[in-house]
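Colleague: I have just opened this entry and would appreciate a guided look. Could you take me through it?

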Amino acid sequence: MPIAIMLIDCSIGADDVVIDGLKKIPAVAYAYKLIGCHDIIIKVESNSEEELRKTISSRIRKLDNILGIITMVVLEKQ
């Protein structure tokens, strides 16, 4: 099962709105608000690499109020 961990930076005060949008995406396993360098961390799980790519590029990256994203794809689950 392909997995990606994403660190998301949002517009000021928009973290709750972004999390609400992320929770509507079935592939998002969890979304947590952070204090520190980034605003939100999410785990995205999918049945295939292609589906993972589509979810990230077509759904997550297109949400309003997102300023930047760091995506880390898991190579091997331990």
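Modeller: The answers below go from the overall fold to the core and then to single residues. Please keep in mind that this is a predicted model.

Colleague: How many helices and strands are there in the protein chain?

Modeller: The protein chain has 2 helices and 4 strands. Their order along the sequence is β-α-β-β-α-β.

Colleague: What does the C-alpha trace span along its principal axes?

Modeller: The C-alpha trace of the protein chain spans about 35 × 25 × 15 Å.

Colleague: And which radius of gyration does the protein chain have, set against a compact globule?

Modeller: The radius of gyration is 12 Å, and this agrees with the globule rule, because a compact globule with 78 residues would have a value near 12 Å.

Colleague: What share of the residues counts as buried?

Modeller: Of the 78 residues, 38% count as buried. On the outside, the protein chain exposes about 5,100 Å², and carbon and sulfur atoms supply 53% of that area.

Colleague: Where do the charges sit on average, positive against negative?

Modeller: There are 10 positive and 11 negative charges, and their mean positions are 4 Å apart.

Colleague: Let us go inside. Which residues have the most contacts within the largest nonpolar core?

Modeller: That core has 19 residues, and those with the most contacts inside it are Met6, Ile8, Leu22, Ile40, Ile42, Val44 and Ile60. Two or more residues each come from strand S1 (3–10), helix H1 (15–23), strand S2 (28–33), strand S3 (40–45), helix H2 (49–60) and strand S4 (66–73).

Colleague: Which of these gives the most to the core?

Modeller: S1 does, with 4 residues.

Colleague: Take valine 44 from that list. What is it in contact with, leaving aside its neighbours within four places in sequence?

Modeller: Valine 44 is then in contact with Pro2, Ile3, Ala4, Met6, Ala27, Val28, Leu52, Thr55 and Ile60. For the protein chain as a whole, residues 24 or more positions apart account for 68% of the contacts with a separation of 6 or more.

Colleague: Changing topic, where is glutamate 50?

Modeller: Glutamate 50 is in helix H2. With a relative accessible area of 41%, glutamate 50 is partly exposed, because this class lies between 20% and 50%. Its C-alpha atom is separated by 9.3 Å from that of proline 2, although the two are 48 residues apart along the chain.

Colleague: And what about aspartate 16, in the other helix? Where is it found?

Modeller: Aspartate 16 belongs to helix H1. It counts as partly exposed, at 43% relative accessibility. The C-alpha atoms of aspartate 16 and aspartate 39, 23 residues apart along the chain, are separated by 9.9 Å.

Colleague: Now the loops. Is glycine 36 buried or exposed?

Modeller: Glycine 36 is exposed, because its relative accessible area of 59% is over the 50% cut-off. This residue is found in the loop between S2 and S3. Between the C-alpha atoms of glycine 36 and leucine 63 the separation is 21 Å, with their positions 27 residues apart along the chain.

Colleague: Which place does asparagine 65 have?

Modeller: Asparagine 65 is in the loop between H2 and S4. At 33% relative accessibility, asparagine 65 counts as partly exposed.

Colleague: What is the phi of asparagine 65?

Modeller: Its phi is near 70°, a positive value in a residue other than glycine. Most residues other than glycine have a negative phi.

How values were computed. Residues are numbered from 1 along each chain as its sequence is written. This is a predicted model: local features need pLDDT of at least 70, side-chain atom pairs count only at pLDDT 80 or more; totals for chains, interfaces and linings use all residues. Side-chain values use heavy atoms; hydrogens and water are left out. The radius of gyration is taken over C-alpha atoms; the globule rule is 2.2 Å times the number of residues to the power 0.38. Buried means under 20% relative accessible area, exposed over 50%, partly exposed in between (1.4 Å probe, protein chains only). Contact means heavy atoms within 4.5 Å. Accessible areas come from the Shrake-Rupley method with a 1.4 Å probe; for residues, only the protein chains shown count as cover. Lys and Arg count as positive and Asp and Glu as negative; His and the chain ends are not counted. The place of a charge is taken as NZ of Lys, CZ of Arg, CG of Asp or CD of Glu. A nonpolar core is a set of buried Ala, Val, Leu, Ile, Met, Phe, Trp, Tyr and Cys residues joined through side-chain atoms within 4.5 Å.
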